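Got the viewer open? Here is a walk through the model, one selection at a time.

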Amino acid sequence: RATTNNKVREQVLLELSFVNSDLQILKEELEGLNISVEVYQNTEETFSIPLVPLGLKETKEVDFTLPLKDFILEHYSEDSSEYEDEIADLMDLRQACHTPSRDEAGIEMLISYFLQLGYVENRFFPPTRHMGVLFTWYDSFTGVPVCQQNLLLEKASILFNIGALYTQIGTRCNRQTQAGLENAVDAFQRAAGVLSYLKETFTHTPSYDMSPAMLNVLVKMMLAQAQECVFEQIGLPGIRNEFFTLVKMTQEVAKVGEVYMLVNTAMNQEPVKENIPYSWSKLAQIKSDHYKALAHYFIATILCDHELQSGDDEDQQEKALSQLYDYMPEGLMVLTVLKDKVQRKQLGKAHLRKAIVYHEEALRVCGLCKKLRNIDVLQEVLTAAHKRSLLKYAQQETEDDFLSLIQAPDILPKTEHKIETIAPQFSKVKVKDFFHRLGPLTVFSAKQRWTAPRTIHIHHEAGELGFSLKGGSPVQIYCLDPACSAASMGLKEGDYIVSVGGVDCKWLGVNEVLEKFKSVGEQPIEVEVISCQDTAASMHSKSATYSVGMQKTYSLICLAMEEDKTDQTKKAPLKLPFLSWGTKNRQKAASTLCLPSAVAGSSRMKKKLSPFTLLNTESSLY
């Protein structure tokens, strides 16, 4: 577009193609780092199919210092320099969360920061405006950054990392021991619980890896991996070649194949299909085929190796075998198959043929994916299972194969170990609010507004204060005598006492504050009080002046007025709030500027949206 010279255009296109090629290489390398199934696996020698861990989301540094110090001075009217240590502790905790240890200590640290963010949100992030703190988090799959001034992005990303860390703990467990498999099952269930909580709590996350569709797939995948570990746990002591044991194992392994089939189906649905790692989708397909093949192998072993003996319980065996099928091939009945040696062999060989087909499909799909093709243990497990089925088939008589037209029926999955998500138990991690000194959160929060602290000199009048105290922490003035000296000095009904005699008493109860009054005897005592402002009145949608005792007065003007449809001569202003301040606006901000509530001649009022209402909605951010 910038030139009509064809030679220049061709040269630019060539250079852009090189740049695009480099970007694609970098993207593939990043994908390999973030989604490799080999990372975080148990380091000991194992003969198990790898499990899939989630990579942690990365973030940029955030400096809370200036925004929080300004807010403490502006909103809480306190010396912000006294809270530098608390702000530093918050930033140190966030920094430590970048590289958590892959154990329970790392989980506890991430949960501690997540809970601390709840305190920070209530203390410093009012619903009416942004604090100017920019949070940047990178997509776990694509590396695409998401930047917002919203603490919800920070909280959601930490939740994702808690779930991801659980998956890494699960994949690092030693799956050759009962304890290791139990820990792996628990870790994957907890990972699924955290991701499910994230999906339900943050419904409009801007990062694709935290979208409801993607989280739904990740939850399914974690539960499938937990189910896989349950099967490994059952078979760890060894699988006895006994009728009822093999029936149980057949149903358990069929359940694993079923859940991975559902995972693979979910991974191939829009919009997840375009972004899910290719190796994950193929691994889910491979596991589905592999475990279905094992189910058919187990039932073939039942039919081929266990003929009905005179001492066997026919009814029990018939009942157990019938539970494996939704239907029997035409012309066959379960009891007849158990008693007839020829039919047993034919049905058993049909299951072996189906097992071999599934094994070959698993090996074929594995060969299509470069990343999976290079995982030696995966190739070894699939090949060994395939050879075992081929050997079993070769051991059967083959002269009647051309007469056998039986198709092996599908196997009904069933498990005695139901796998469910384990909801996050944040209450088990005890954290202390870093900014505890600001006062009880029920009163001293970003949503509440007060006057600046006022100093009142209290004089005892004939042993009476002239008022009563009520409430918890902090205490409030109650039943104030309008004629007392304290009232004449500016004390008001409902004021909160924040300091007595220079000692902070935000966390003191009624009895403790009364003790401080009694301790000075008849001497006058200096008390600091604050008055809670009516939030609804002070932040009315029509008011253009928003002052909280700052040196500069902020003027928040919202042109959210809709003109009456009958007035065709005027154009409705844009409904966009904007913030202006400084010398230019001081004169305007000195008085309250109100927008007209109705257009002259309009027949009725129309509902207007407050800028604070707009900013307070979740959809404005996610």
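A residue is called buried here if its relative accessible area is under 20%, exposed if over 50%, and partly exposed in between. By that yardstick, buried residues make up 47% of the 622 residues in the protein chain. Keep in mind that this is a predicted model.

**Stop 1: the whole chain**

Start in cartoon view. The chain's secondary structure comes to 19 helices and 11 strands. Take contacts between residues at least 6 apart in sequence: 75% of them join residues at least 24 apart.

**Stop 2: helix α2 and what covers it**

Select residues 65-75, which is helix α2. Which of its residues are buried? They are Pro-67, Leu-68, Lys-69, Phe-71, Ile-72, Glu-74 and His-75. Now bring up the neighbours: what covers the buried residues of α2 includes α3 and α4.

Step just past the end of α2 and click on Ser-77. Ser-77 sits in the loop between α2 and α3. Its phi is near 55°, a positive value in a residue other than glycine. Why is that worth a click? Most residues other than glycine have a negative phi, and most peptide bonds are trans. Is Ser-77 buried, exposed or partly exposed? Its relative accessibility is 35%, so Ser-77 counts as partly exposed.

**Stop 3: α3 against α4**

Two packed helices are described by the angle between their axes and the distance between the axes. Select 84-96 for α3 and 104-124 for α4. Their axes come within 10 Å and cross at roughly 140°, and α3 and α4 are therefore oblique to each other. The crossing is left-handed. Show side chains to see who makes the contact: Leu-90, Leu-93, Arg-94 and Ala-96 come from α3, while α4 brings Met-109, Ser-112, Tyr-113, Gln-116 and Val-120. Sorted by class, the contact of α3 with α4 has six nonpolar, two polar and one charged residues.

**Stop 4: α8 against α10**

For the next pair, select 243-267 (α8) and 314-322 (α10). The axes of α8 and α10 come within 10 Å and cross at roughly 15°, so α8 is roughly parallel to α10. This crossing is left-handed. Phe-243, Phe-244 and Val-247 of α8 meet Gln-316, Gln-317 and Ala-320 of α10. By class, the contact of α8 with α10 has four nonpolar, two polar and no charged residues.

While you have α8 on screen, move on to the loop between α8 and α9 (278-305), where you will find Pro-271. The peptide bond from Glu-270 to Pro-271 is cis, with omega near 0°.

**Stop 5: the nonpolar cores**

In soluble globular proteins, nonpolar side chains tend to be buried together. Which residues touch the most other members of the largest nonpolar core? Among its 137 residues, these are Phe-124 and Leu-218. Select Leu-218 and leave aside its neighbours within four places in sequence: it is in contact with Leu-54, Phe-141, Phe-160, Leu-195, Asp-209 and Trp-280. There is also a second, separate core of 22 residues, including Leu-469, Ala-486, Val-510 and Val-527.

**Stop 6: Asp-209**

One of those Leu-218 partners deserves its own click: Asp-209. Where is it? Asp-209 is in the loop between α6 (178-201) and α7 (212-235). With 0% relative accessibility, Asp-209 counts as buried.

Now draw a distance from its C-alpha to that of Asp-139: the two atoms are separated by 6.0 Å, though the residues are 70 apart along the chain. Again leaving aside neighbours within four places in sequence, the contacts of Asp-209 are Lys-57, Tyr-138, Asp-139, Ser-140, Phe-141, Phe-160, Met-214, Leu-215 and Leu-218.

**Stop 7: either side of β5**

Finish around β5 (476-478). In the loop between β4 (468-470) and β5, select Pro-474. The peptide bond from Ser-473 to Pro-474 is cis, with omega near -5°.

Then go to the loop between β5 and α15 (485-488) and pick Cys-479. Phi of Cys-479 is near 55°, a positive value in a residue other than glycine. How accessible is Cys-479? Its relative accessible area is 45%, so Cys-479 is partly exposed.

How values were computed
Residues numbered from 1 in each chain as written. Predicted model: local features only at pLDDT ≥ 70, side-chain atom pairs only at ≥ 80, totals over all residues. Heavy atoms only, no water. Axes fitted to C-alpha atoms, helices over the stretch in contact; angles between N-to-C directions. Helix = DSSP H or I, 4+ residues; strand = E, 2+ residues; numbered from the N terminus. Parallel < 35°, antiparallel > 145°, perpendicular 65-115°, else oblique. Left-handed = near helix turned anticlockwise from the far one by under 90°. Contact = heavy atoms within 4.5 Å. Nonpolar A, V, L, I, M, F, W, Y, C, P; charged D, E, K, R; others polar. Core = buried A, V, L, I, M, F, W, Y, C linked by side-chain atoms within 4.5 Å. Buried < 20%, exposed > 50% of the residue type's maximum accessible area, 1.4 Å probe, protein only.
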